[in-house]
Amino acid sequence: MKLSRPVSWFLVAFGVWSWIIWTTFVKNLWNDASGLAFDNGQPTAYFWVHLLLAVTSFLLGTAIGIIGVRGLRALRTSGTDQS
C-alpha cells in the first residue's frame, strides 16, 4: 500500500509535533513545583502515570513519523505522485 504525499507529510508532521509537545511536557513535569509530581523529593503516582503517557506518546509519534517517512521514500523511488 502506498500513501499519498499529503498523508505521508501529515504523518511526519504528527510525529514531529508529538515529540515537541511531549518533550515540553516532560520538562515541565520534571520541574514541577506544585507538589503534584514530587512529594518531599520522591516521585508521586501522578509523576509515574504522566511519564508513562509521555513515553507511550514518544513511541507512537516515532512509529507514525517513520511510516510517513517510508511513504515519502516510496513515492520518491517510484517516481509517482499520488496526491
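## A nonpolar surface patch

On the surface of this predicted model, Val16, Trp17, Ile20 and Ile21 form a nonpolar patch whose accessible area together is about 400 Å². Patches of this kind join nonpolar side chains (Val, Leu, Ile, Met, Phe, Trp, Tyr) within 5 Å, taking residues with over 30% relative accessible area and no salt bridge, a salt bridge being a side-chain nitrogen of Lys or Arg within 4 Å of a carboxyl oxygen of Asp or Glu. Accessible areas come from the Shrake-Rupley method with a 1.4 Å probe.

One of the patch residues, Trp17, lies in helix α1, residues 5-30, and counts as exposed because its relative accessibility is 54% (exposed means over 50%, buried under 20%, partly exposed in between).

## Fold and overall form

The protein has 2 helices and 2 strands, arranged along the sequence as α-β-β-α; helices (H or I, at least four residues) and strands (E, at least two) are DSSP runs. The radius of gyration is 18 Å, well over the 12 Å that the globule rule gives for 83 residues, so the protein is more spread out than a compact globule; the radius is taken over C-alpha atoms, and the rule is 2.2 Å times the number of residues to the power 0.38. The C-alpha trace spans about 60 × 15 × 15 Å along its principal axes.

## Burial and surface

Of the 83 residues, 25% are buried, and the protein exposes about 5,900 Å², with carbon and sulfur atoms supplying 69% of that area.

## Basis of the values

Residues are numbered from 1 along each chain as its sequence is written, and side-chain values use heavy atoms, leaving out hydrogens and water. Local features need pLDDT of at least 70 and side-chain atom pairs count only at pLDDT 80 or more, whereas totals for chains, interfaces and linings use all residues.

Technical notes
Buried < 20%, exposed > 50% of the residue type's maximum accessible area, 1.4 Å probe, protein only. Patch = residues over 30% accessible without salt bridge, like charges linked within 9 Å, V, L, I, M, F, W, Y side chains within 5 Å.
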